[in-house]
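Work through the following exercises with the sequence and the coordinates open. Each task is followed by a solution in steps.

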Amino acid sequence: MSSLSMNMSSSSEDDFTMSSSEVANRIGVMQHQESTTYACSDYIGIGHQISQRVDRECRVKMTEWTYQLVDFCKFSRNTVAISMSYLDRFLSTSSPSAQRALVSKKVYQLAAMVTLYLSVKLFEPMAMDPTLLAEISQGCYTEQEIESMEQEILTALQWRLNGPTSLDFMTHILSLLPKSANSTDNSAMMA
């Protein structure tokens with residue numbers, strides 16, 4: 001874990017030493033990626049005629065659940081942002097499983113759990129076992145269903161799993177602030 005932290009720290013230090021034009025260029029590239037390769041649609045705001053349709057409340061509940069699990073496991077909260085990005089992008093595809101998840105809260109829950117599983121697998125120092133995820137679901141999903149959904153999500157996302165997150169944008173935007181703005185010393189802000 002310490003090597004992961006050191007890598008992340010050195011990346012942040014590099015961000016703070018870039019010129020403002022380099023930062024602006026990176027932000028522009030991330031915006032382009034977000035609007036093209038990593039784009040998603042407003043799947044919640046469409047098709048309200050179906051009573052079982054996944055809605056904002058479902059998304060909020062799954063987001064809260066993923067934060068609780070990540071906090072319990074002492075993972076980075078950014079893992080949830082990555083997970084929800086995967087989920088949003090997956091549900092914006094024409095994948096049959098994504099379309100089923102939009103009208104079935106049970107399939108939606110499975111997809112949300114699997115996107116968390118994926119983000120933990122890729123961005124945390126330890127991975128979850130599908131068996132553990134099946135146990136966490138209290139028997140709602142089998143190991144095979146989890147692995148099958150994982151494959152469907154990866155295929156639907158075309159294995160593109162490194163899109164920019166809101167934290168990436170904020171890190172770059174904050175690097176544009178003067179050093180005195182990063183100070184925790186209130187006397188520097190009063191001057």
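Buried means under 20% relative accessible area, exposed means over 50%, and partly exposed covers what lies in between. The model is predicted.

**Exercise 1. Helix α4**

Task: Check the span of helix α4 against its number of residues, then state which of its residues are buried and what they pack against.

Solution.
Step 1. Helix α4 covers residues 78-91, which makes 14 residues. The expected span is 1.5 Å times one less than the number of residues. For α4 this gives 20 Å, and the end C-alpha atoms are 20 Å apart, so the two values agree.
Step 2. Apply the burial cut-off of under 20% relative accessible area. In α4, 12 of the 14 residues are buried, so the helix is largely enclosed by the rest of the structure. The buried residues are Asn78, Thr79, Val80, Ile82, Ser83, Met84, Tyr86, Leu87, Asp88, Arg89, Phe90 and Leu91.
Step 3. Look for the partners of these buried residues. They pack against α3 (56-73), α5 (96-103), α6 (105-123), α8 (143-156) and α9 (166-174).

**Exercise 2. Nonpolar cores**

Task: Find the residues that touch the most other members of the largest nonpolar core, and say which helices supply this core.

Solution.
Step 1. The largest nonpolar core has 37 residues, and Phe90, Leu91 and Tyr108 touch the most other members.
Step 2. At least two residues of this core come from each of α3, α4, α5, α6, α7 (130-136) and α8. The helix that gives the most is α6, with 10 residues.
Step 3. There is also a second, separate core of five residues, among them Met18, Ile27, Met30 and Phe169.
Step 4. Set this against the general expectation. In soluble globular proteins, nonpolar side chains tend to be buried together.

**Exercise 3. Salt bridges between helices**

Task: How many salt bridges does a search of the whole structure find? Describe the pairs formed by Arg59, Arg100 and Lys121.

Solution.
Step 1. The search finds five salt bridges.
Step 2. The side chains of Arg59 and Asp88 form a salt bridge with an N to O distance of 2.7 Å. Arg59 is in helix α3 and Asp88 in helix α4, so this pair ties together parts that are 29 residues apart in sequence. Arg59 is partly exposed at 23% relative accessibility, whereas Asp88 is buried at 13%.
Step 3. Glu152 and Arg100 form a salt bridge through their side chains at 3.9 Å, N to O. The cut-off for this N to O distance is 4 Å. Glu152 belongs to helix α8 and Arg100 to helix α5, and the two are 52 residues apart. Both count as partly exposed, Glu152 at 27% relative accessibility and Arg100 at 43%.
Step 4. In the pair of Glu150 and Lys121, the closest N and O atoms are 2.6 Å apart. Glu150 lies in helix α8 and Lys121 in helix α6, so the pair ties together parts that are 29 residues apart in sequence. Lys121 is partly exposed, with a relative accessible area of 35%.

**Exercise 4. The surroundings of Glu150**

Task: Is Glu150 buried or exposed, and which residues is it in contact with, leaving aside neighbours within four places in sequence?

Solution.
Step 1. The relative accessible area of Glu150 is 11%, so this residue is buried.
Step 2. With those neighbours left aside, Glu150 is in contact with Val114, Tyr117, Leu118 and Lys121. Lys121 is also its salt-bridge partner.

**Exercise 5. The loop between α8 and α9**

Task: What are the phi values of Gln158 and Trp159, and how accessible are the two residues?

Solution.
Step 1. Both Gln158 and Trp159 are found in the loop between α8 and α9.
Step 2. Gln158 has a positive phi of about 55 degrees, and the phi of Trp159 is near 60 degrees, also positive. Neither residue is a glycine. Most residues other than glycine have a negative phi.
Step 3. Gln158 is exposed, with a relative accessible area of 52%. Trp159 is exposed too, at 56%.

**Exercise 6. A nonpolar surface patch**

Task: Which residues make the nonpolar surface patch of about 330 Å²?

Solution.
Step 1. The patch is made by Met170, Ile173, Leu174 and Leu177.
Step 2. Take Met170, which is in helix α9. Its relative accessible area is 41%, so Met170 is partly exposed.

Conventions
Residues numbered from 1 in each chain as written. Predicted model: local features only at pLDDT ≥ 70, side-chain atom pairs only at ≥ 80, totals over all residues. Heavy atoms only, no water. Helix = DSSP H or I, 4+ residues; strand = E, 2+ residues; numbered from the N terminus. Buried < 20%, exposed > 50% of the residue type's maximum accessible area, 1.4 Å probe, protein only. Contact = heavy atoms within 4.5 Å. Patch = residues over 30% accessible without salt bridge, like charges linked within 9 Å, V, L, I, M, F, W, Y side chains within 5 Å. Areas by Shrake-Rupley, 256 points an atom, 1.4 Å probe, with all protein chains shown as cover. Core = buried A, V, L, I, M, F, W, Y, C linked by side-chain atoms within 4.5 Å.
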